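Here is a short set of exercises to work through with the model open beside you. Try each task on your own before reading its solution.

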Amino acid sequence: MARLVVIDGVPCAPEEAKISVYDRGFLYGDSVFETVRTYVGRVFSLDLHLARLERSAASLGITMPVSRDVLMREIVAALANAHNEESYARLMITRGSGALGLDPALARTATRVLLIEPLTMPPPETYARGIRALCIPTVRASDAAHSAKIANYLASALALRDARAAGADEALVVDRNGLVIEGTTSNVFAVADGRLLTPSLESGILDGITRELVLERARELGLAIELRALSPAELSASDEVFITSTIRELVPVVVVDGRTVGLGVPGKWTRALHRAFRQHVGAAWVFGED
């Protein structure tokens, strides 16, 4: 399995990859990024991810260094050159390098860094048994850049650290209003009273690509949808809870804040939506029989 790096369009070995210590992505987290993955060796939803990357960059006032077509070609070529059975790619756009100082005008041309990694999904028991989550109030750096996918994940990293220290597998972010809005790197869903609930984009969540695909599958399956955030108590009292992300797809959550969700096992709608999602992306169902 291979790992590759491409910096400003130039491939290099991971151990030789370098950017300036004056790059604002390193100094201030002044950057945006996207993560894409392959299915059966082909990159999935690349155009949607790059469109979101452009929106994130525009939100921060970062000028994209090259066109979307150039980025597409670089990503597709790098994934092919990795020769992995399945890969994921992380593309970062920083504001670039310049003199020390917070003023964004100090930066010059944006820097682009592409990382290619072998794809490893969570172990099968994650999907068969579900995970435990802890709700943690925190203020995210992304709150200052509405719906932009920025690279400053310190608040999420610390929330995940606290959740793991308390014996949970994942942290769920609680906002200033006391509502659960997302996971550390995921969108959150619940099923209650025959409805699929998930926070609206207006709550400040990331417009997840997998989130939107799950909502499409729910409509196809006839599951009613309500866009609203839940309190931690409401979430733990739901019939089902799951989180979504590009790499992990749909992961069942069976315990929230120490309280068992539903029957304490992955729910029927979680599995039905995950199966429908896998069918949509052209991947086999490999998570056991229903």
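**Exercise 1.** In which sense do strand β10 and strand β11 pair, and over how many bridges?

*Solution.* First, the ground rules: this is a predicted model, in which local features need pLDDT of at least 70 and side-chain atom pairs count only at pLDDT 80 or more, while totals for chains, interfaces and linings use all residues. Residues are numbered from 1 along each chain as its sequence is written, and side-chain values use heavy atoms, with hydrogens and water left out.

Next, the elements: helices (H or I, at least four residues) and strands (E, at least two) are DSSP runs, numbered from the N terminus. Two strands pair if DSSP finds at least two bridges between them. Strand β10 (residues 187-192) and strand β11 (residues 195-198) pair in the antiparallel sense, over three bridges. A192 stands opposite R195 of β11. The two strands form a hairpin with two residues between them, and D193 in the turn has a positive phi of about 55 degrees.

**Exercise 2.** Find the strand that pairs with β11 in the parallel sense.

*Solution.* Strand β12 (residues 224-227) pairs with β11 in this way, over four bridges. Within that pairing, T198 has L227 of β12 as its bridge partner.

**Exercise 3.** Write down the strand order of the six-stranded open sheet and locate its edges.

*Solution.* The order is β2-β1-β6-β5-β3-β4, with antiparallel pairing. At the edges stand β2 (10-12) and β4 (42-43); each has a single partner strand, so one side of each is left without a neighbour in the sheet. Further in, strand β5 (residues 87-94) and strand β6 (residues 111-118) pair in the antiparallel sense over eight bridges. M92 has V113 in β6 as its bridge partner.

Now add the helices, taking contact as heavy atoms within 4.5 Å. Angles run from 0 to 180 degrees between N-to-C directions, and axes are lines fitted to C-alpha atoms, for helices over the stretch in contact. Helix α2 (residues 46-60) packs on the sheet, touching β3 (31-39), β4 and β5, and its direction makes about 175 degrees with that of β3. Helix α3 (residues 68-82) also packs on this sheet, touching β1 (4-7), β3, β4, β5 and β6, at about 30 degrees to the direction of β6.

**Exercise 4.** Describe how helix α6 and helix α8 pack.

*Solution.* Helix α6 (residues 209-220) and helix α8 (residues 268-281) pack at about 110 degrees, with their axes 9 Å apart. They are therefore roughly perpendicular to each other (65 to 115 degrees; angles under 35 count as roughly parallel, over 145 as roughly antiparallel and the rest as oblique). From α6, the contact uses T210, L213, V214, R217 and A218; from α8, it uses L273, A276, F277 and H280.

**Exercise 5.** Are L215 and S200 buried or exposed?

*Solution.* Buried means under 20% relative accessible area, exposed over 50%, and partly exposed in between (1.4 Å probe, protein chains only). L215 is in helix α6 and counts as buried at 3%. Leaving aside neighbours within four places in sequence, L215 is in contact with F189, L196, T198 and I225. S200, in the loop between β11 and α6, is buried with a relative accessible area of 16%. Not counting residues up to four places away in sequence, S200 touches I205, R211, L227 and R228.
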